[in-house]
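Visitor: I should like to examine the grounds on which residues are labelled here. May we take the labels one at a time and set each against its definition?

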Amino acid sequence: MAKKKEELRKEVKEETGSQEILREAPLQSMSRDVCISCNMSIVNDSSAVRFPCPNCGKHTIIRCSKCRKIVAKYKCPVCGFEGPN
Ligand SMILES: [Zn+2]
Ligand SMILES: [Zn+2]
């Protein structure tokens with residue numbers, strides 16, 4: 001009885017695991033190279049910076065040169081930390 005239950009659990013885990021990977025992939029590629037404050041692409045911005053969130057370190061903050069100049073606020077979507085300070 002106990003063995004059968006474990007096998008069932010394994011199958012469920014594998015199915016949800018692959019679904020999560022498919023769901024996360026497009027989100028990550030979309031947010032990879034845009035400024036966190038103005039959503040502008042930083043591909044051609046040589047003065048743009050990217051750094052891990054100063055609070056949780058889990059999210060990579062990307063800021064374009066314009067937002068650095070005007071000290072635009074940013075907010076970490078993971079922990080809610082607001083910068084630039
Ligand atoms: Zn910006
Ligand atoms: Zn954070």
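Guide: Let us begin with Ser47, which is placed in the loop between helix 1 and strand 1 (49-52). Helices (H or I, at least four residues) and strands (E, at least two) are DSSP runs, numbered from the N terminus. The model is a predicted one, in which local features need pLDDT of at least 70 and side-chain atom pairs count only at pLDDT 80 or more, whereas totals for chains, interfaces and linings use all residues. Residues are numbered from 1 along each chain as its sequence is written, and chains are lettered from A and ligands numbered from 1 in the order in which they are written.

Visitor: Why is Ser47 called exposed?

Guide: A residue is exposed if 12 or fewer other C-beta atoms lie within 10 Å of its own, buried if 20 or more do, and partly exposed in between, with C-beta atoms placed from the backbone. Ser47 has 11 C-beta neighbours inside 10 Å, and therefore counts as exposed. Its C-alpha is 9.0 Å from that of Arg63, with the two positions 16 residues apart in sequence numbering.

Visitor: What makes Asn39 notable in its backbone, and is this residue buried or exposed?

Guide: Asn39 has a positive phi of about 65 degrees although it is not a glycine. This residue also belongs to the loop between helix 1 and strand 1. Because 10 other C-beta atoms lie within 10 Å, Asn39 is exposed.

Visitor: Which value does phi take in Val71, and why is Val71 given its exposure label?

Guide: Phi of Val71 is near 55 degrees, a positive value in a residue other than glycine. Val71 sits in the loop between helix 2 and strand 3 (74-75). Val71 has 11 C-beta neighbours inside 10 Å, so the label is exposed.

Visitor: Why is Val78 called exposed, and with which residues is Val78 in contact?

Guide: Val78, in the loop between strand 3 and strand 4, has 12 other C-beta atoms within 10 Å and is therefore exposed. Two residues are in contact if their C-beta atoms, placed from the backbone, lie within 7 Å. Leaving aside neighbours within four places in sequence, Val78 is in contact with Cys53, Cys56, Lys58 and His59. Val78 and Gly57 are 21 residues apart in sequence, with 9.2 Å between their C-alpha atoms.

Visitor: What makes Pro54 partly exposed?

Guide: Pro54 has 13 other C-beta atoms within 10 Å, and is therefore partly exposed. Its place is the loop between strand 1 and strand 2 (60-63). Beyond four places in sequence, Pro54 is in contact with Phe81 and Gly83. Pro54 and Pro84 are 30 residues apart in sequence and 9.4 Å apart from C-alpha to C-alpha. Pro84 lies in the segment after strand 4 (82-83), and the peptide bond from Gly83 to Pro84 is cis, with omega near 10 degrees.

Visitor: Why is Asn55 labelled as it is?

Guide: Asn55 is in the loop between strand 1 and strand 2. With 14 other C-beta atoms within 10 Å, Asn55 is therefore partly exposed. Leaving aside neighbours within four places, Asn55 is in contact with Cys76, Cys79 and Phe81. The C-alpha atoms of Asn55 and Phe81 are 6.5 Å apart, although the two residues are 26 apart in sequence.

Visitor: Which residues form the largest nonpolar core, and what makes a set of residues a nonpolar core?

Guide: A nonpolar core is a set of buried Ala, Val, Leu, Ile, Met, Phe, Trp, Tyr and Cys residues joined through C-beta atoms within 7 Å. The largest one has 10 residues: Cys35, Ile36, Ile42, Ala48, Cys53, Ile61, Ile62, Cys64, Cys67 and Cys76. Beyond four places in sequence, Cys64 touches Cys35, Cys38, Met40, Ile42, Asp45 and Ala48. Buried residues make up 14% of the 85 residues in the protein.

Visitor: Where does pLDDT stay under 50, and which element has the lowest mean?

Guide: pLDDT is the predictor's confidence in each residue, from 0 to 100. The value stays under 50 over residues 24-31, for which the model has 0 contacts beyond four places in sequence. Among the elements, helix 1 (residues 2-30) has the lowest mean pLDDT, 56, and helix 2 (residues 65-69) the highest, 97. The protein averages 80, and 62% of the residues score at least 70. Where pLDDT is low, the predicted coordinates should not be read in detail.
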